[in-house]
Amino acid sequence: MNKQDYRPISDLVTRNSSPFFKENHQAVLLKIMQRIKIYIPLLIGLFAALCGASVSQAQTSVTTNQVGVNAKIDVLGGVFTPPSNIGASQTRIVVYRTFNTQELPGATGVFIQGRYHTSLVPGGYSELCLPPGQFEIGARQFRVGQNARDSYDTVTAIELPPAQTQYLSVVESSGRPVMQPVSAAQALQELGTTRLQMHTISRVTQAQNCVAVAAPVVAPVIQPEQFILSADTLFAFGRSDLNGLTAAGRESLDILTSRIRQKYVNVDRVHVIGHADPLGSPEFNERLSLNRANTVRQYLITKGEISAPVTSEGKGARQLVETRCARQPTSAAIACNQVNRRVVTEVAGQRR
């Protein structure tokens with residue numbers, strides 16, 4: 001080539017253009033250069049993401065040959081924060097790539113239903129909301145100096161349920177990227193050091209703006225309060241009927257109803273459970289515990305001071321408090337099993 005081949009563009013345009021263009025070539029060139037300048041940052045950012053610019057935990061930007069605000073362009077944005085709740089009309093996916101995937105050179109392109117979504121460098125994440133349903137998530141590795149391919153390295157088919165967030169992590173398998181679904185617990189732990197992948201524009205046609213909804217209010221589960229009365233105090237020996245209630249037993253039940261009224265603004269239900277000791281046959285103990293629970297239930301209802309439903313059941317000797325007593329019906333065994341002979345009253349409601 002001779003020196004003429006290296007003449008400035010303006011010189012070539014002036015010599016070879018029409019008279020009209022000769023008069024306006026400076027204005028045209030100015031507009032062209034302005035447009036090129038506008039797109040330089042975007043092109044550099046895309047090149048960094050798609051072609052695998054070196055991005056480490058300490059490096060979240062690339063340096064350009066521009067000056068001013070374009071001298072450094074961010075590749076990764078803000079640190080990951082757990083996503084908000086979404087409604088039943090949407091589902092959310094979060095795709096990410098940890099720093100442990102350095103064996104995959106370049107950036108991992110993510111495609112949803114055949115449409116490009118993002119390119120992930122190590123330490124980057126991206127998310128989007130979709131309508132619930134079945135989706136195919138394609139992964140393609142972009143490498144420096146290689147032409148882009150039309151095919152994917154791998155495809156992951158996944159069902160995205162409504163009102164839930166599905167996490168997919170880039171993992172390496174035989175030198176290829178795979179979008180692997182992971183549990184929320186694992187993902188939230190690994191996402192703690194990732195940053196939002198920037199300078200890529202999702203072209204997923206089904207993508208939606210995520211609409212945050214308030215977390216459902218779960219009423220606290222309040223365990224029923226238990227009041228335990230000794231069956232030996234309530235009943236005469238071997239008795240379980242209403243006439244078998246002792247004077248001390250009736251007084252104990254009256255005190256119980258008074259305590260319930262004092263402690264509760266509203267009583268939802270009362271459940272009476274009879275228990276027996278293991279002395280005697282299992283059939284006898286089952287019947288004795290049930291009869292005693294029914295008698296206490298009848299007494300509480302007759303008093304008329306508790307308007308809530310009152311139910312009862314017998315559990316025989318199946319839930320012993322003291323298990324070290326002898327099983328022979330001796331006086332020592334009867335005394336030892338005193339704690340096992342009991343009536344438990346469970347109360348559920350709004351306490352004061």
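The points below concern one sheet of a predicted model and two loop residues with unusual backbone angles.

1. Sheet order. Six strands form an open sheet whose order is β3-β12-β7-β4-β10-β11, and the pairing within this sheet is mixed. β3, residues 76-79, and β11, residues 176-182, stand at the edges, and because each has a single partner strand, one side of each is left without a neighbour in the sheet. From one strand to the next, the twist averages 35 degrees.

2. Strand β4 and its burial. The strand β4 spans residues 91-96 and is mostly covered, with six of its six residues buried. T91, I93 and V95 point one way from the strand, whereas R92, V94 and Y96 point the other way, and the residues of both sets are buried. For a reader inspecting the side chains, R92 may be worth locating by eye, since R92 is among the buried residues of β4.

3. The two partners of β4. On one hand, β4 is joined to β7, which covers residues 124-130, by six bridges, and these two strands run antiparallel; within this pairing, the bridge partner of V95 is S126 in β7. On the other hand, β4 pairs with β10 in the parallel sense, over five bridges, and here Y96 of β4 stands opposite S169 of β10. The mixed pairing of the sheet can therefore be followed at β4 itself, with β7 antiparallel and β10 parallel.

4. From β10 to the edge. The strand β10, residues 165-173, pairs with β11 in the antiparallel sense over seven bridges. S169, which stands opposite Y96 of β4, has Q180 as its bridge partner in β11, and in this way a path can be traced across β4, β10 and the edge strand β11.

5. Positive phi at Q113. Most residues other than glycine have a negative phi. Q113, although not a glycine, has a positive phi of about 55 degrees, and this residue is placed in the loop between β5, residues 107-112, and β6, residues 115-120. Q113 is partly exposed, its relative accessible area being 37%.

6. Positive phi at A163. A second residue that is not a glycine, A163, has a positive phi of about 60 degrees. A163 lies in the loop between β9, residues 154-160, and β10, and with a relative accessible area of 39% A163 is likewise partly exposed.

Notes:
Residues are numbered from 1 along each chain as its sequence is written. This is a predicted model: local features need pLDDT of at least 70, side-chain atom pairs count only at pLDDT 80 or more; totals for chains, interfaces and linings use all residues. Side-chain values use heavy atoms; hydrogens and water are left out. Two strands pair if DSSP finds at least two bridges between them. Helices (H or I, at least four residues) and strands (E, at least two) are DSSP runs, numbered from the N terminus. Axes are lines fitted to C-alpha atoms, for helices over the stretch in contact, and angles run from 0 to 180 degrees between N-to-C directions. Buried means under 20% relative accessible area, exposed over 50%, partly exposed in between (1.4 Å probe, protein chains only).
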